[in-house]
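Student: Please take one helix of this model and go through it closely. I would like to know how its residues are placed and what lies around them.

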Amino acid sequence: MPDLFRRRVAQAPDRTALIDAHRQVTYEELDRVSDAWADQLIHLGVRQGDFVALSLPRRIELVAAMLGVLKAGAAYSALDPAWPVDHVTRLTTRLAPSAIVTWADTLTVCGAGAVLALREDALSTALAGPAATPRYIQLADDHPFCVFFTSGTTGEPKGSISTHRALARVVAQEGRTWFGQDTVIPAAAPAAWDAFALELWGALLNGGTSVLCESSYLLPDTLRTLVERRGVNSLWLTSSLFNLLVDEDETKDCFRGIHLVLTGGERMSSTHARAFLARYPEIRLINGYGPVESTVFATTHAVTAEDVQGGDVPIGRPVADTDVLVLKDGTPCEPGEVGEIYLGGGGLSLGYANNPEATSNAFLEARIDGVSYRLYRTGDLGWWSTTGNLHYAGRADRQVKIRGHRVEPALVEQAVSNALGGQNCHVLPVPAPDGSYGALAAFVVGEPRTCLEALPHVLTKTMPHHLVPQHVIAVDQTPLTANGKLDQKALLDLLPATAWTKSEPMPGQGTAGGISEIFAEVLGERFRSNDHPLFSMGGTSLEAVRICARIHALFGTAVPVGLFLQHSSVKQACALVENALAEELPGSSESTVKPSGPVPLVPVQAEAWLEGMVAPDPASGNCLMDWHISGSIDVTALQAALRDLHQRHEPLRCAYTFLDQPVAEIEAGAPAPEVQVRSASGQPDKDNEWFLDLLRRPFDIEAGEVWRVAVLPGPNITRLGISVDHTAFDGWSEALLMDDLTIAYRARRAGRVPVFAHPAPTFAALWQEHNQSAGGGVGDSCRAFWRGALQNVQALDFPAVSVPDAAGPEPVETLIQRPAVEACGRLADRQGVTLFTVMLALYSEAVARVTASQDFAVGIPVAHRGTALSAVAVGCLTGTVCVPVSRSQGSVAEAVARTGHTLRQVLSHSELSLPEVTQLSGHRRGDRSALFQTVFALQDNRRPVLELDGCAVELHRPTARGAVAELAAEVWPSPNRAGEATLRLTYDPTAVPRNTVLDIAAAFDALVNEVTEHA
């Protein structure tokens, strides 16, 4: 494959090879980057025949890494960065890769021997650096190129090893492929699947262009945009997605401009194919068949109008270099006779990675009609027509596909039975009108021994979601047909009015009424209320795509599928649509500001400014980083880099003042901070005291002093301290600033001016963006909510402090070990909440128990970074929200559920700022009892990474001077021990006794242990 790619480079080096969301590269540039990374992999110890794991999103870097692995003579395996860490760990343990390629800030994959950690500027760095010497490693046709992890019928995917020959026979057969130099095809399939290889290498090995899609979901308007803006003319779709696009295409013409549609993965719906060909007779429609063990396709068929008149569309004839046999009792079947499909030839997998038992069970040697074969037993049934076309006839076993995943109902039955203490049950796939399967139903025979409503939550602890039955029904006895077999129809008839009939929408007007109608159309009788999330009603990810497509068609605004999946009830979707519509409104003339001069702070920035003004200790909000560096640091280059950052980010060079409202004065700021260096005195305690005192000292933000930097050399470790006032900075900003410092320091050491990936957002641009997305203001219902929510809130009653403890305000810390963190995560999954919710519930309960408080409030941080500019802006865009809590009278699980409900209510009314909520409550800002006396944060922002050439760098977290509240709790993920975390409690020693803080830490620890014991 590297040789085939290099031929295309030589033929047209300047042709566009890849396009992702914001960038594109030519064939020559992709060749250059992949050569550089192949060289790095070889230096890391990767050898011919090795496996290399890739944990990267669908961007240009992923493809360059794939090609680099192949040029190093190895085979790659793509692992989705969104997969759970435990799942990825199991896969890499099975794969045993010699290296992994991933982002520098997401080193969460275990089991790899070496790591190539890419930074955001890795692509530009490789293009700007000297060209690496190309590696010409001779590879045989049967050399592995990729390990595809199958979806797995038992929840334990197997890694199928495909060869260069296997892929080339489908995408690179001269004169026998669908792709050419004019091909432009989107790559939207999961990178771990062989369909992605079809989309990607089908283009690159034929001189075409691959368009890398951020989302795996192609909506009609998305496809229309790809055709119009990117020139897409070819398409791969799973059968289910093909059906969805045909259904939703009534007025969109989304396929117009496409020349080729390849589909497969499930049985083709003749109804949808007939509708497609009637509307687009000029488009070539290919129906493909083939499990991953035969690499992409084993057979294909160009579908004609005649094929779709009946109910069965052929899956076609063998592709090049492929053997297809239909056998019954080891003997080839006659035309029309149904048998089991066996596959062989050049497309066959070498087996499953490091899994000889599974390999021997699936692959066999056979001699048939005097010819020796190595075959894969598919478990699929089929028959040959007299014209030589293969037809699919179902499964020899009970295996089906649910949303693209292989599912064996018998194995799910066993898991359900085990969960029920051995009780008999039957698991059946639920057919949809288009003939596919979208869900499983479990029918439990006899009196249930446990709560059936809780069964799906129990099963999600051990099984992937696609294996968990969405319907669980108790039956008195097993219904049988006249010949004594299970009466599947009788069981499926027990589903509520069938799961696929039309439902009436829930009451509602305007946006809510329209979205409710869409839910009713898509879900049928499964649609229960406007408050239920999609998946709780038995919905699927494909139905989420349908809903988003219809929302776009009805309202003319796009709701990203990934965002919808996080907020998937009618009410939540209504909010998404209304927010999206508000963002599309042009800003009013009153909201326009000049790009220079005083700029009003957006509300969340103004809130931070006000917090600093009224805080007893203005330095309590300092954001601190203490980097421990092994190696020699270039202070001159560091100073130059700091000046670059100071000039790049307006929040670091502004004066923050009040001119009728809080404003930032861009031109009034102080110059870049000078690096303050202290030579080691030989007295470490005094050196440390100087270092921390400098970082903890308050800033004069009205004069434009908002950050400072200190360097403390030592015999083994040099410490680099960075402190920024909270008005100009937050936890999200840390990673952004350190990314830029890495780039600037590297450039200045090399005598160059740094080049950043994009301009930094200005205050004026953030102000404009805020006003365009702010909507119509705060309604009476929001104010009414807060009046009611705060009605019973009382101030926390900490024991009196007679004399501050001699230990002073040193923080109290307790370790949360990995099993405990994982147990909390599982509790969050069962309750349908986040890990933050679980931790907040445990902390609130600990405070309530120790202080004997019943009703109080906790302040929590909320990031306001949901827009394009705010997501990449250095500055304080984190506000505080007041969460009313009550002491639990029940179990921990009940406390978590109640906290989750409260959080949803609070966050849905968070458009009222904290100062406004405080005023509404009747308290005055600065009162001891102003809303809350304790705050809680889960510090799960992207971890900052600082790279200084020739140095090993490690981040430490000193505490600021004073606490941001009477009692502040933070949960920090461990930087060195994956999966662990630390609860850190800081406090005001004049308001809270240290013993009380220790008791709260102990109570939190006990609650975490309780969760772990019941996990």
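Tutor: Helix 24, which covers residues 780–789, has Cys782, Phe785 and Trp786 buried. Buried here means that under 20% of the relative accessible area is left. Seen down the axis of helix 24, the buried residues fall within an arc of 90°, so they line one face of the helix. The spacing fits a general rule: an α-helix has 3.6 residues a turn, so residues three or four places apart point the same way. On the other side of helix 24, Asp780 and Ser781 are exposed. The cover over the buried residues of helix 24 includes strand 36 (878–886). Helix 27 (892–908) and helix 28 (914–921) are also among the elements that cover them.

This is a predicted model, and confidence should be kept in view. The protein averages a pLDDT of 83, and 86% of the residues score at least 70. Over residues 498–504 the pLDDT is below 50, although this stretch has 22 contacts in the model beyond near neighbours in sequence. Residues 585–595 also have a pLDDT below 50, with 15 contacts of that kind. Where pLDDT is low, the predicted coordinates should not be read in detail.

For contrast with a helix, consider a sheet. An open sheet of 3 strands runs in the order 27-30-29, with antiparallel pairing. Strand 27 (598–600) and strand 29 (655–658) are at the edges with a single partner strand each, so one side of each has no neighbour in the sheet. From one strand to the next, the twist averages 35°. Strand 27 pairs with strand 30 (residues 662–665) over 3 bridges, and proline 600 stands opposite valine 663 in strand 30.

Key
Residues are numbered from 1 along each chain as its sequence is written. This is a predicted model: local features need pLDDT of at least 70, side-chain atom pairs count only at pLDDT 80 or more; totals for chains, interfaces and linings use all residues. Side-chain values use heavy atoms; hydrogens and water are left out. Two strands pair if DSSP finds at least two bridges between them. Helices (H or I, at least four residues) and strands (E, at least two) are DSSP runs, numbered from the N terminus. Axes are lines fitted to C-alpha atoms, for helices over the stretch in contact, and angles run from 0 to 180 degrees between N-to-C directions. pLDDT is the predictor's confidence in each residue, from 0 to 100. Contact means heavy atoms within 4.5 Å. Buried means under 20% relative accessible area, exposed over 50%, partly exposed in between (1.4 Å probe, protein chains only). The arc is that of the directions from the helix axis to the C-beta atoms.
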